[in-house]
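I sat down with this one and a cup of coffee to see how the chain is put together. Here are my notes, in the order I looked things up.

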Amino acid sequence: MKKKLVLFCAMALLVSAVLGACGQDGKSSDTQATESASSESGTDTGTDNADTSTKPDTSSDGTPTTGDSVVLGMTQDLVSLDPHETTDAGTRSVVFNMYEGLVKATSDGDLTPAVASSYVISEDATCYTFTLRDGILFSDGTAVTVEDIQYSIERYAQIQGETSSFATAVDSVVIDDENTVSIYLTEANSEFLAQLTVAIIPASNDDPAGNPIGTGPFKYVSYSVGQNLILERNEYYWGDAAYLDQVEFKFIADTETAFTQLLAGTIDILNYLTTSQVQTLETQYSDQFNVVEGSMHLVHALFLNNDCEPLNNVLVRQALCYAIDRDEINNFLFGGASEIIGSHMIPALTTWYEESTADMYTYDVEKAKELLAEAGYADGFDLTITVPSSYSQHVDTAQIIASQLEAVGINVTIQEVEWSSWLSDVYRNRDYQATVISFDGDLNPSDWLARYKSDASNNFFNYSSEEYDALLEQALAAIDTDEKADLYKQMQINLAENAVAVYIEDPADFVAVNSNYGGYVFYPTSAWDMSTVYMISE
């Protein structure tokens, strides 16, 4: 039996019609300010949700029961349980269950108050004021305070680094009173709310990685490197309690082994299925598993080091875009269910997405050869594609690309590495030629595109463009939705025309769920929300 969840995302999160004003007191973000900032009354853009169900409707999956446990298999270990240091989608998907920000993402692409019960955005979008939710507790039973909010925002900005979009946006975090905090920005930014999903943690906890404490629906029990993470229902959670007593995230590096364990019943949920695995489940195990189809909401691409010869030549990069058949990759890996893209933005962000980029490069071997000859590489060149071995779809994509590039004389070597090595060597140290990977993002468009800013700490592509940087600066300052959307679309065209990467698709996601369970929900951000999952009543 195959169930399809269609995700309708209202993704235009621009807040331009909110009234209110905050007075800037001039304090820097590293000042432990406790005096009240001047603030006029404004219109609340969020309200207390404590008595309102925030769970998606999953009634079609059967009658829920409370209790029991579930095991979700994943093909990577976690980078860190410190939510301010997580760098990858897999880890963020897991820690989503333990931590919350002032606001949190919903499954339909909106933002809802979480640690805060309400918020006000100033008319010029330079000040965001939040009211702490009454009686909210951390998972250890201690009260959340405005000092914890101030500490968390400042700590996250410091860890992310001076060149990160978050750190450069925040000027100061000021405690107005025992229930209110104001975040002042260095300049107008009407999208900043989406970045305030930053986890709020206790200021008193000096080891967030070893002793995770948050406000999410689950709390930490244990973590064994290379084996598993175990969580339990958080009895102090302010919102709707999770159905399950316990959740285990089990790490299984080999994808085929993970699938074997799924069939054996040692794990209950497995995502990122291949089309052959989906076919096996639907033809041989349809009474034991449901295959739920959604989107990964990722930018899947062959990313290029724009500072590395010969990839520092735009003609070479454009040749790669013509030489790679994205439809073949989509059909082979996802049965044609993915959405083809042409820049660093996903179609679900409809307000900001520039659809014309998807058709900028068609599969054209002769055109690719012409461009390589013009660039001085008529006989091709050697290219090493580094991929994390724990992600089969990236390895498979690299293999397809290697086969396709043979037709234009490019000799590809595929270098498979462990996930930790990929993070350190490729992502942080930028020691690579090309890599196949997928990137996620927040609900604000700048989170997807700011990583290409010339001095961005996460610009591991080494792309540098004064025009692009100027467009980003204008987009962040723009208040009008149409103006902002036009600027972001120009940025996507800039990336596509300069062939900064070979953008492939927003991949389809096929998830196997044991038929004893219901309630699995897709999110437009990195989130495996186990609070909605339940054992079906017999």
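What follows are my entries on the fold, the cores, the strands, the charged pairs and a few backbone details.

**Entry 1: overview**

I am working from a predicted model, so I keep in mind that local features need pLDDT of at least 70. I looked up the secondary structure and found 13 helices and 25 strands in the protein chain. The chain has 538 residues, and 59% of them are buried. I then checked the contacts between residues at least 6 apart in sequence, and 73% of these join residues at least 24 apart. For the surface, I noted about 20600 Å² exposed, with carbon and sulfur atoms supplying 43% of it.

**Entry 2: the nonpolar cores**

Which residues touch the most other members of the largest nonpolar core? I found Leu 302, Leu 383, Ile 385, Ile 401, Leu 405 and Ile 410, in a core of 55 residues. Helix α6, residues 314–323, gives the most to this core, with seven residues. I followed Ile 401 outward, leaving aside its neighbours within four places in sequence, and listed contacts with Leu 302, Ile 324, Ile 329, Ile 385, Val 436 and Ile 504. Apart from the largest core lies another one of 42 residues, and its members include Val 299, Ala 301, Trp 448 and Leu 472. A reminder to myself: in soluble globular proteins, nonpolar side chains tend to be buried together.

**Entry 3: strand β23**

Next I picked strand β23, residues 508–514, and asked how many of its residues are buried. The count is seven of seven. In a regular strand the side chains alternate between the two faces of the sheet. I therefore looked at each side of β23 in turn, and both faces are covered. Ala 508, Phe 510, Ala 512 and Asn 514 are buried on one side, and Asp 509, Val 511 and Val 513 are buried on the other.

I also looked up the pairing of β23. Strand β15 (residues 269–270) runs antiparallel to β23 and is joined to it by two bridges, with Ile 269 partnered by Val 513. Strand β16 (residues 289–295) also pairs with β23 in the antiparallel sense, over seven bridges. There, Val 291 has Ala 512 as its bridge partner.

**Entry 4: the six-stranded sheet**

I traced an open sheet of six strands with mixed pairing, in the order β18-β22-β17-β21-β19-β20. Its edge strands are β18 (339–340) and β20 (411–417), each pairing on one side only. Further in, I looked at β17 (residues 299–304) and β21 (residues 434–439), which run antiparallel and are joined by six bridges. Phe 303 has Thr 435 as its bridge partner in β21.

**Entry 5: salt bridges**

How many salt bridges does a search of the whole structure find? It finds eight, and I wrote up three of them.

- Arg 155 pairs with Asp 82, with the closest N and O atoms 2.6 Å apart. Arg 155 lies in helix α2 (residues 146–160) and Asp 82 in the loop between β5 (69–74) and α1 (89–95), so the pair ties together parts that are 73 residues apart in sequence. Both residues are buried.
- Lys 484 pairs with Glu 191 at 3.0 Å between the closest N and O atoms. Lys 484 sits in helix α13 (residues 481–497) and Glu 191 in the loop between β11 (180–185) and β12 (218–224), 293 residues apart. Lys 484 and Glu 191 are both buried.
- Glu 235 meets Lys 219 at 3.0 Å, N to O. Glu 235 is in the loop between β13 (228–233) and β14 (246–251), while Lys 219 is in strand β12, 16 residues apart. Lys 219 has a relative accessible area of 19%, so it counts as buried under the 20% cut-off.

**Entry 6: cysteines**

I looked for disulfides and the structure holds zero. I checked two cysteines for burial: Cys 308 is buried at 18% relative accessible area, and Cys 321 is buried at 6%.

**Entry 7: backbone oddments**

A cis peptide bond joins Glu 309 and Pro 310, with omega about -5°. Pro 310 is in the loop between β17 and α6.

Where is Asp 68, a non-glycine residue with a positive phi near 75°? I found Asp 68 in the loop between β4 (64–65) and β5, partly exposed at 40% relative accessibility. Asn 462 is not a glycine either, and has a positive phi of about 60°. Asn 462 is in the loop between α11 (445–449) and α12 (466–477), and at 22% relative accessibility it counts as partly exposed.

Methods: Residues are numbered from 1 along each chain as its sequence is written. This is a predicted model: local features need pLDDT of at least 70, side-chain atom pairs count only at pLDDT 80 or more; totals for chains, interfaces and linings use all residues. Side-chain values use heavy atoms; hydrogens and water are left out. Helices (H or I, at least four residues) and strands (E, at least two) are DSSP runs, numbered from the N terminus. Buried means under 20% relative accessible area, exposed over 50%, partly exposed in between (1.4 Å probe, protein chains only). Contact means heavy atoms within 4.5 Å. Accessible areas come from the Shrake-Rupley method with a 1.4 Å probe; for residues, only the protein chains shown count as cover. A nonpolar core is a set of buried Ala, Val, Leu, Ile, Met, Phe, Trp, Tyr and Cys residues joined through side-chain atoms within 4.5 Å. Two strands pair if DSSP finds at least two bridges between them. A salt bridge is a side-chain nitrogen of Lys or Arg within 4 Å of a carboxyl oxygen of Asp or Glu. A disulfide is a pair of cysteine sulfur atoms within 2.5 Å.
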